[in-house]
Amino acid sequence: MFASQFLFPAVQRVVAAVSHVVRKFLMLAGLVFVLGLAGSYQGHGGLVDGFRAMFPAGVNASERELPVAADTQPVALDQVRLVPTMQQALQYVARRYRVSHEVLLPIFVTAQDSARELGLDPLLIVAVIGVESGFNPFSQSVVGAQGLMQVMPRFHADKLPDDAGELPFFDPVTNVQVGARILRESIARNGGLIPGLQQFGGASNDPEQRYAGKVMAERQRLEAVIRQHARQSA
């Protein structure tokens, strides 16, 4: 009897204390969320940064949960620069090769720009990239060919831009710029698309022209996707 009389008030005090702490925590979490919301929408970054330093988990969680209005999302300038057919080809390549749309975007813009400059079909450049590297910018062959279009550094270093950095042939943009120039020269030197592709692929002596066949089949797949999209949009 004595023990129960003594313990019951003690338990009540513990429960009351825990309840008080929980209420304070919930109030503080609510305040952090509201301030994070205000800082995000009104640009009060310093205020949010101060609370982030005190309660990083709560502030970061609130920022992750904030909705982004559709009309405030920036449109990538590179995306705008791509013509519709290249946009459709990009979507297909992203699915087929399981490569991020964001990673592919500068590659496709460079292919489009280089093709326009050199008088090539941009889908041909994309097809060569697919056959040569499967859109892996860090691919390297056993003979030393590097990057998206498998350029041989010892033969084509003279084609690099002046501002090329270290390991330039593993840079996707530089590689496509140089590779497209090599492709155009190969086509011109060999008198046509098929023999030019064969030389580009290092298979000039193949009577079956299998390398060119692979590239042309890849381009045909891209063209088929574009035609299908045009039919669906009509």
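These entries record what I looked up on one helix and on several salt bridges.

**Entry 1. Model.** I worked from a predicted model.

**Entry 2. Helix 10.** I began with the segment at residues 193-200, which is helix 10. Which of its residues are buried? I found Gly196, Leu197, Gln198 and Phe200. I then looked up what these buried residues pack against. Their partners are helix 7 (122-133), helix 9 (172-190) and helix 11 (210-233). I also checked the backbone just after helix 10, where Gly202 takes a positive phi of about 70°.

**Entry 3. Salt bridges, count.** I next turned to the charged side chains. How many salt bridges are there? The count comes to 10. I followed up some of them individually below.

**Entry 4. Arg116 and Asp113.** I looked up the salt bridge between Arg116 and Asp113, in which the closest N and O atoms are 3.5 Å apart. Both residues belong to helix 6 (residues 101-118). Their spacing is 3 residues, about one turn of the helix. I noted Arg116 as exposed because its relative accessibility is 56%, above the 50% cut-off. Asp113 has a relative accessibility of 26%, so I entered Asp113 as partly exposed.

**Entry 5. Arg219 and Asp121.** I then examined the salt bridge of Arg219 with Asp121, whose closest N and O atoms lie 3.1 Å apart. Where do the two residues sit? Arg219 is in helix 11, while Asp121 is in the loop between helix 6 and helix 7. The pair therefore ties together parts that are 98 residues apart in sequence. I recorded Arg219 as buried, because its relative accessibility is 15% and the limit for buried is under 20%. Asp121, at 25% relative accessibility, counts as partly exposed.

**Entry 6. Asp206 and Arg210.** The side chains of Asp206 and Arg210 also meet in a salt bridge, at 3.1 Å from N to O. Are the partners buried or exposed? Asp206 has 14% relative accessibility, so I listed Asp206 as buried. Arg210 reaches 52% relative accessibility and therefore counts as exposed.

**Entry 7. Network.** Finally, I looked for salt bridges that share partners. Such bridges join Arg81, Asp113 and Arg116 into one network. Two of these names, Asp113 and Arg116, are the helix 6 pair of Entry 4.

Note on methods. Residues are numbered from 1 along each chain as its sequence is written. This is a predicted model: local features need pLDDT of at least 70, side-chain atom pairs count only at pLDDT 80 or more; totals for chains, interfaces and linings use all residues. Side-chain values use heavy atoms; hydrogens and water are left out. Buried means under 20% relative accessible area, exposed over 50%, partly exposed in between (1.4 Å probe, protein chains only). Contact means heavy atoms within 4.5 Å. A salt bridge is a side-chain nitrogen of Lys or Arg within 4 Å of a carboxyl oxygen of Asp or Glu.
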